Amino acid sequence: MGNMPPVTKNLLIINVLFFAGSYASSLYGVDLEDMLGLHFLLASDFHVYQLFTYMFMHHNFYHLFFNMFAVWMFGRIMEATMGQRRFILFYLLCGIGAGLTQEVAQYAHYLYAGLGEFGQVNTGYQIVGMSDYLNAWTTVGASGCVYGVLLSFGMAYPEERMFIIPIPVPIKAKYFVVGYAVIELLYALLGPSDGVAHVAHLGGMLFGLLLILYWRRSDRNRGNGGCGFDGIKRWLSGLGRRGGNRFMVERGGKFGQEMEYNQRKKMEEDELDRILDKVRKHGYGSLTEEEKRRIFRH
(Lines give C-alpha, C1' and ligand atoms only; values in the text may rest on other atoms or scores of the structure.)
Protein backbone atom coordinates (compact mmCIF):
# COMPACT_ATOMS: atom_id res chain seq x y z
CA MET A 1 0.00 0.00 0.00
CA GLY A 2 2.91 2.35 0.72
CA ASN A 3 4.14 2.18 -2.88
CA MET A 4 0.68 2.42 -4.45
CA PRO A 5 -0.30 5.61 -6.34
CA PRO A 6 -2.57 7.83 -4.22
CA VAL A 7 -5.75 7.71 -6.33
CA THR A 8 -5.72 3.93 -6.63
CA LYS A 9 -4.98 3.54 -2.91
CA ASN A 10 -7.78 5.90 -1.92
CA LEU A 11 -10.25 4.18 -4.24
CA LEU A 12 -9.49 0.87 -2.53
CA ILE A 13 -9.90 2.42 0.92
CA ILE A 14 -13.16 4.22 0.05
CA ASN A 15 -14.74 1.08 -1.43
CA VAL A 16 -13.78 -0.98 1.63
CA LEU A 17 -15.17 1.72 3.95
CA PHE A 18 -18.46 1.82 2.03
CA PHE A 19 -18.72 -1.96 2.27
CA ALA A 20 -17.96 -1.93 6.00
CA GLY A 21 -20.47 0.89 6.50
CA SER A 22 -23.12 -1.03 4.60
CA TYR A 23 -22.58 -4.08 6.78
CA ALA A 24 -22.56 -2.07 10.03
CA SER A 25 -25.69 -0.10 9.11
CA SER A 26 -27.58 -3.31 8.33
CA LEU A 27 -27.18 -4.30 11.98
CA TYR A 28 -29.33 -1.28 12.84
CA GLY A 29 -31.92 -1.88 10.13
CA VAL A 30 -30.53 0.68 7.64
CA ASP A 31 -30.12 -0.54 4.06
CA LEU A 32 -27.34 1.57 2.52
CA GLU A 33 -27.31 -0.59 -0.60
CA ASP A 34 -30.92 0.38 -1.24
CA MET A 35 -30.22 4.04 -0.52
CA LEU A 36 -26.99 4.42 -2.50
CA GLY A 37 -27.47 1.73 -5.17
CA LEU A 38 -28.64 2.81 -8.63
CA HIS A 39 -32.40 2.32 -9.00
CA PHE A 40 -34.33 2.25 -12.27
CA LEU A 41 -35.06 5.83 -13.35
CA LEU A 42 -38.86 5.33 -13.19
CA ALA A 43 -38.74 3.75 -9.73
CA SER A 44 -39.86 5.82 -6.76
CA ASP A 45 -36.52 5.24 -5.00
CA PHE A 46 -34.43 6.60 -7.89
CA HIS A 47 -32.24 9.63 -7.21
CA VAL A 48 -29.73 11.26 -9.57
CA TYR A 49 -26.91 11.07 -7.01
CA GLN A 50 -27.12 7.27 -7.22
CA LEU A 51 -25.33 7.44 -10.60
CA PHE A 52 -22.27 8.37 -8.53
CA THR A 53 -22.74 6.49 -5.26
CA TYR A 54 -23.67 3.10 -6.75
CA MET A 55 -20.12 2.45 -7.95
CA PHE A 56 -18.85 2.40 -4.33
CA MET A 57 -21.41 -0.16 -3.13
CA HIS A 58 -20.93 -3.93 -3.42
CA HIS A 59 -23.37 -6.75 -2.84
CA ASN A 60 -21.03 -9.10 -0.98
CA PHE A 61 -17.37 -9.68 -0.12
CA TYR A 62 -16.55 -11.58 -3.32
CA HIS A 63 -18.07 -8.82 -5.44
CA LEU A 64 -15.89 -6.29 -3.60
CA PHE A 65 -12.75 -8.43 -3.65
CA PHE A 66 -12.63 -9.15 -7.37
CA ASN A 67 -13.43 -5.57 -8.35
CA MET A 68 -10.80 -4.15 -6.00
CA PHE A 69 -8.25 -6.73 -7.09
CA ALA A 70 -8.71 -5.49 -10.67
CA VAL A 71 -8.42 -1.86 -9.53
CA TRP A 72 -5.18 -2.73 -7.73
CA MET A 73 -3.83 -4.73 -10.65
CA PHE A 74 -4.62 -2.35 -13.52
CA GLY A 75 -5.49 0.93 -11.81
CA ARG A 76 -2.05 1.62 -10.37
CA ILE A 77 -0.48 1.15 -13.82
CA MET A 78 -3.00 3.37 -15.57
CA GLU A 79 -2.75 6.05 -12.88
CA ALA A 80 1.00 6.18 -13.45
CA THR A 81 0.38 6.29 -17.21
CA MET A 82 -2.44 8.86 -17.33
CA GLY A 83 -1.58 10.94 -14.30
CA GLN A 84 -3.69 11.33 -11.17
CA ARG A 85 -6.23 13.86 -12.46
CA ARG A 86 -6.98 12.10 -15.71
CA PHE A 87 -7.17 8.72 -14.04
CA ILE A 88 -9.73 9.69 -11.39
CA LEU A 89 -11.80 11.52 -14.02
CA PHE A 90 -11.56 8.48 -16.30
CA TYR A 91 -12.56 6.10 -13.50
CA LEU A 92 -15.58 8.12 -12.41
CA LEU A 93 -16.85 8.85 -15.92
CA CYS A 94 -16.62 5.17 -16.83
CA GLY A 95 -18.71 4.39 -13.76
CA ILE A 96 -21.29 7.06 -14.55
CA GLY A 97 -21.37 5.96 -18.20
CA ALA A 98 -21.92 2.36 -17.13
CA GLY A 99 -24.82 3.47 -14.92
CA LEU A 100 -26.41 5.46 -17.74
CA THR A 101 -26.06 2.50 -20.10
CA GLN A 102 -27.73 0.24 -17.55
CA GLU A 103 -30.60 2.72 -17.19
CA VAL A 104 -31.12 2.78 -20.97
CA ALA A 105 -31.13 -1.04 -21.11
CA GLN A 106 -33.64 -1.25 -18.25
CA TYR A 107 -35.87 1.35 -19.86
CA ALA A 108 -35.80 -0.59 -23.15
CA HIS A 109 -36.86 -3.73 -21.26
CA TYR A 110 -39.60 -1.76 -19.49
CA LEU A 111 -41.02 -0.61 -22.84
CA TYR A 112 -40.57 -3.99 -24.57
CA ALA A 113 -42.37 -5.86 -21.76
CA GLY A 114 -45.14 -3.27 -21.63
CA LEU A 115 -44.81 -2.96 -17.86
CA GLY A 116 -46.39 0.47 -17.85
CA GLU A 117 -49.78 -1.15 -18.54
CA PHE A 118 -49.81 -3.26 -15.38
CA GLY A 119 -50.15 -2.56 -11.70
CA GLN A 120 -48.75 -5.90 -10.49
CA VAL A 121 -46.14 -8.43 -11.60
CA ASN A 122 -46.02 -12.20 -11.13
CA THR A 123 -42.34 -12.95 -10.42
CA GLY A 124 -42.89 -16.70 -10.42
CA TYR A 125 -42.68 -16.79 -6.65
CA GLN A 126 -45.21 -14.16 -5.68
CA ILE A 127 -47.29 -11.31 -7.01
CA VAL A 128 -45.85 -7.90 -6.16
CA GLY A 129 -46.92 -4.34 -6.86
CA MET A 130 -45.31 -2.63 -9.82
CA SER A 131 -43.71 0.03 -7.60
CA ASP A 132 -41.95 -2.60 -5.46
CA TYR A 133 -40.96 -4.55 -8.59
CA LEU A 134 -39.31 -1.54 -10.24
CA ASN A 135 -37.56 -0.54 -7.03
CA ALA A 136 -35.93 -3.98 -6.99
CA TRP A 137 -34.07 -3.09 -10.21
CA THR A 138 -30.97 -1.94 -8.37
CA THR A 139 -27.39 -1.87 -9.67
CA VAL A 140 -24.30 -1.74 -7.45
CA GLY A 141 -20.56 -2.18 -7.89
CA ALA A 142 -17.46 -0.71 -9.50
CA SER A 143 -17.46 -3.16 -12.41
CA GLY A 144 -18.22 -0.47 -14.99
CA CYS A 145 -15.18 1.49 -13.78
CA VAL A 146 -13.07 -1.66 -13.79
CA TYR A 147 -13.99 -2.58 -17.35
CA GLY A 148 -13.12 0.95 -18.48
CA VAL A 149 -9.72 0.73 -16.77
CA LEU A 150 -9.19 -2.71 -18.30
CA LEU A 151 -9.88 -1.28 -21.76
CA SER A 152 -7.42 1.57 -21.18
CA PHE A 153 -4.73 -0.95 -20.17
CA GLY A 154 -5.32 -2.97 -23.33
CA MET A 155 -5.02 0.18 -25.47
CA ALA A 156 -1.93 1.48 -23.66
CA TYR A 157 -0.09 -1.86 -23.46
CA PRO A 158 -1.59 -4.03 -26.24
CA GLU A 159 1.42 -6.36 -26.51
CA GLU A 160 1.86 -6.95 -22.77
CA ARG A 161 1.53 -10.67 -22.01
CA MET A 162 -0.68 -11.82 -19.14
CA PHE A 163 -1.25 -15.18 -17.47
CA ILE A 164 -4.96 -15.84 -16.95
CA ILE A 165 -5.94 -18.82 -14.78
CA PRO A 166 -6.69 -21.53 -15.92
CA ILE A 167 -5.28 -20.80 -19.41
CA PRO A 168 -1.76 -22.33 -19.48
CA VAL A 169 -0.22 -19.87 -21.96
CA PRO A 170 0.24 -16.08 -21.76
CA ILE A 171 -2.26 -13.88 -23.60
CA LYS A 172 -1.57 -10.44 -25.02
CA ALA A 173 -3.51 -7.67 -23.30
CA LYS A 174 -5.31 -6.62 -26.48
CA TYR A 175 -6.75 -10.12 -26.95
CA PHE A 176 -7.64 -10.34 -23.27
CA VAL A 177 -9.66 -7.11 -23.47
CA VAL A 178 -11.40 -8.05 -26.72
CA GLY A 179 -12.22 -11.49 -25.29
CA TYR A 180 -13.81 -9.99 -22.20
CA ALA A 181 -15.85 -7.57 -24.31
CA VAL A 182 -17.13 -10.40 -26.51
CA ILE A 183 -18.06 -12.51 -23.48
CA GLU A 184 -19.97 -9.62 -21.90
CA LEU A 185 -21.76 -8.92 -25.17
CA LEU A 186 -22.81 -12.57 -25.50
CA TYR A 187 -24.09 -12.65 -21.94
CA ALA A 188 -25.99 -9.41 -22.50
CA LEU A 189 -27.62 -10.68 -25.71
CA LEU A 190 -27.97 -14.42 -25.23
CA GLY A 191 -27.24 -15.35 -21.66
CA PRO A 192 -29.85 -16.06 -18.99
CA SER A 193 -30.70 -13.55 -16.32
CA ASP A 194 -27.90 -14.10 -13.81
CA GLY A 195 -28.21 -10.92 -11.76
CA VAL A 196 -25.06 -9.43 -13.35
CA ALA A 197 -25.24 -6.06 -15.14
CA HIS A 198 -23.41 -7.12 -18.31
CA VAL A 199 -24.74 -4.12 -20.22
CA ALA A 200 -23.22 -1.82 -17.60
CA HIS A 201 -19.84 -3.51 -18.08
CA LEU A 202 -20.02 -2.82 -21.80
CA GLY A 203 -21.13 0.74 -21.05
CA GLY A 204 -18.03 1.31 -18.93
CA MET A 205 -15.83 0.11 -21.78
CA LEU A 206 -17.69 2.23 -24.34
CA PHE A 207 -17.43 5.44 -22.33
CA GLY A 208 -13.77 4.66 -21.62
CA LEU A 209 -13.08 4.24 -25.33
CA LEU A 210 -14.83 7.50 -26.22
CA LEU A 211 -12.91 9.39 -23.55
CA ILE A 212 -9.55 7.98 -24.67
CA LEU A 213 -10.26 8.87 -28.29
CA TYR A 214 -11.30 12.38 -27.24
CA TRP A 215 -8.12 12.87 -25.21
CA ARG A 216 -5.97 11.60 -28.07
CA ARG A 217 -7.57 14.03 -30.51
CA SER A 218 -7.28 16.91 -28.01
CA ASP A 219 -3.62 16.13 -27.37
CA ARG A 220 -2.94 16.08 -31.09
CA ASN A 221 -4.69 19.41 -31.60
CA ARG A 222 -2.50 20.90 -28.90
CA GLY A 223 0.59 19.51 -30.60
CA ASN A 224 1.23 16.85 -28.00
CA GLY A 225 0.98 13.78 -30.21
CA GLY A 226 -2.12 11.62 -30.07
CA CYS A 227 -1.80 10.27 -33.62
CA GLY A 228 -3.81 7.17 -32.71
CA PHE A 229 -7.12 8.86 -33.53
CA ASP A 230 -6.06 9.62 -37.09
CA GLY A 231 -4.76 6.10 -37.47
CA ILE A 232 -8.15 4.69 -36.50
CA LYS A 233 -9.90 6.96 -39.02
CA ARG A 234 -7.54 5.88 -41.80
CA TRP A 235 -8.00 2.23 -40.91
CA LEU A 236 -11.79 2.50 -40.93
CA SER A 237 -11.72 4.41 -44.20
CA GLY A 238 -9.52 1.79 -45.80
CA LEU A 239 -11.74 -1.17 -44.88
CA GLY A 240 -13.13 -2.95 -47.91
CA ARG A 241 -10.41 -1.61 -50.22
CA ARG A 242 -7.49 -3.51 -51.62
CA GLY A 243 -4.36 -2.02 -50.20
CA GLY A 244 -5.74 0.25 -47.50
CA ASN A 245 -2.59 2.40 -47.71
CA ARG A 246 -3.85 3.80 -51.03
CA PHE A 247 -6.52 5.75 -49.17
CA MET A 248 -4.66 9.06 -49.22
CA VAL A 249 -3.88 8.84 -52.94
CA GLU A 250 -7.35 7.74 -54.02
CA ARG A 251 -8.97 10.56 -52.05
CA GLY A 252 -6.82 13.25 -53.73
CA GLY A 253 -3.71 13.14 -51.53
CA LYS A 254 -0.19 13.06 -52.95
CA PHE A 255 2.07 10.05 -53.10
CA GLY A 256 4.66 11.95 -51.11
CA GLN A 257 2.17 12.44 -48.30
CA GLU A 258 1.52 8.72 -48.15
CA MET A 259 5.24 7.94 -48.05
CA GLU A 260 5.77 10.51 -45.31
CA TYR A 261 2.93 9.05 -43.26
CA ASN A 262 4.28 5.49 -43.62
CA GLN A 263 7.77 6.62 -42.64
CA ARG A 264 6.49 8.51 -39.60
CA LYS A 265 4.34 5.55 -38.60
CA LYS A 266 7.34 3.21 -38.83
CA MET A 267 9.42 5.49 -36.61
CA GLU A 268 6.65 5.66 -34.03
CA GLU A 269 6.28 1.88 -34.01
CA ASP A 270 10.05 1.42 -33.58
CA GLU A 271 10.05 3.86 -30.66
CA LEU A 272 7.10 2.08 -29.05
CA ASP A 273 8.86 -1.30 -29.43
CA ARG A 274 11.95 0.17 -27.78
CA ILE A 275 9.93 1.43 -24.79
CA LEU A 276 8.05 -1.87 -24.38
CA ASP A 277 11.34 -3.76 -24.53
CA LYS A 278 12.65 -1.48 -21.80
CA VAL A 279 9.60 -2.33 -19.67
CA ARG A 280 10.16 -6.06 -20.15
CA LYS A 281 13.86 -5.83 -19.21
CA HIS A 282 13.86 -3.24 -16.45
CA GLY A 283 10.23 -2.86 -15.33
CA TYR A 284 7.69 -0.10 -15.67
CA GLY A 285 9.42 2.08 -13.06
CA SER A 286 12.43 2.55 -15.36
CA LEU A 287 10.41 4.63 -17.85
CA THR A 288 10.64 8.41 -17.99
CA GLU A 289 7.46 10.51 -17.78
CA GLU A 290 7.65 11.21 -21.52
CA GLU A 291 7.97 7.48 -22.31
CA LYS A 292 4.90 6.73 -20.15
CA ARG A 293 2.88 9.41 -21.93
CA ARG A 294 4.06 8.13 -25.32
CA ILE A 295 2.86 4.59 -24.53
CA PHE A 296 -0.58 5.80 -23.48
CA ARG A 297 -0.98 8.02 -26.56
CA HIS A 298 -0.35 5.01 -28.79
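Helices here are DSSP runs of H or I at least four residues long, numbered from the N terminus. With that in hand, a good place to start in this predicted model is Asn135, which is found in helix α6, a run covering residues 130–135. Is Asn135 buried or exposed? The cut-off for buried is under 20% relative accessible area, and Asn135, at 12%, counts as buried. Setting aside neighbours within four places in sequence, Asn135 is in contact with His39, Ala43, Ser44 and Asp45.

Stepping back to the whole chain, there are 13 helices and six strands. Of the 298 residues, 40% count as buried. As for how the chain meets itself, take the contacts between residues at least 6 apart in sequence: 63% of them join residues at least 24 apart.

Helix α5 deserves a paragraph of its own. It spans residues 84–112, which makes 29 residues, and from first C-alpha to last it reaches 42 Å. That is close to the 42 Å expected at 1.5 Å a residue. Just after α5 comes Gly114, with a positive phi of about 65 degrees. Within the helix sits Gln106, which at 10% relative accessibility counts as buried. What does Gln106 touch, once residues up to four places away in sequence are not counted? The partners are Phe40, Trp137 and Thr139.

Another glycine, Gly203, lies in helix α9. Gly203 is buried, with a relative accessible area of just 2%. Its C-alpha is separated by 4.3 Å from that of Ala98, although the two residues are 105 apart along the chain. Ala98 also turns up among the contacts of Gly203, together with Gly97 and Thr101, when neighbours within four places in sequence are left aside.

On to the strands. Val121 lies in β2, which runs over residues 120–122, and at 12% relative accessibility Val121 counts as buried. Its contacts, leaving aside neighbours within four places in sequence, are Gln126, Ile127, Val128, Met130 and Tyr133. Asp132 is eleven residues from Val121 in sequence, and their C-alpha atoms are 9.4 Å apart in space.

Then there are the charged pairs. Side chains of opposite charge can pair when their charged atoms come close. In this model the count comes to two salt bridges. In one of them, Lys172 pairs with Glu159, and the closest N and O atoms are 2.7 Å apart. Lys172 lies in strand β6 (residues 171–172) and Glu159 in the loop between α7 and β5 (161–162), so this pair ties together parts that are 13 residues apart in sequence. The side chains of Glu159 and Lys174 also meet in a salt bridge, at 2.8 Å from N to O. Why does this pair tie together parts that are 15 residues apart in sequence? Because Glu159 lies in the loop between α7 and β5, while Lys174 lies in helix α8. Glu159, Lys172 and Lys174 are thus linked in a network of salt bridges. In terms of exposure, Lys172 counts as partly exposed at 22% relative accessibility. Glu159 is partly exposed as well, with a relative accessible area of 27%, and Lys174 is partly exposed with a value of 27%.

That leaves the pockets. The largest pocket has a volume of about 1,600 Å³. How many residues line it? The lining is made up of 46 residues, and those nearest the centre of the pocket are Gly195, Val196, Ala197, His198 and His201. Several elements each supply at least two residues of this lining: α4 (61–82), α5, β4 (138–139), α7 (143–156), α8 (173–189) and α9 (198–221). Which of them gives the largest share? That is α4, with eight residues. By residue class, the lining of the largest pocket divides into 27 nonpolar, 16 polar and three charged residues.

Conventions. Residues are numbered from 1 along each chain as its sequence is written. This is a predicted model: local features need pLDDT of at least 70, side-chain atom pairs count only at pLDDT 80 or more; totals for chains, interfaces and linings use all residues. Side-chain values use heavy atoms; hydrogens and water are left out. Buried means under 20% relative accessible area, exposed over 50%, partly exposed in between (1.4 Å probe, protein chains only). Contact means heavy atoms within 4.5 Å. The expected span of a helix is 1.5 Å times one less than its number of residues. On a 1 Å grid over the protein atoms alone, a cavity is a set of points where a 1.4 Å probe fits but cannot get out, and a pocket is an open set with protein on both sides within 12 Å along at least five of seven lines; lining residues have an atom within 4 Å of a point. Grid points are joined across faces, edges and corners, and a volume is the space filled by probe spheres set on the points. Ala, Val, Leu, Ile, Met, Phe, Trp, Tyr, Cys and Pro count as nonpolar, Asp, Glu, Lys and Arg as charged, and the others, Gly among them, as polar. A salt bridge is a side-chain nitrogen of Lys or Arg within 4 Å of a carboxyl oxygen of Asp or Glu.
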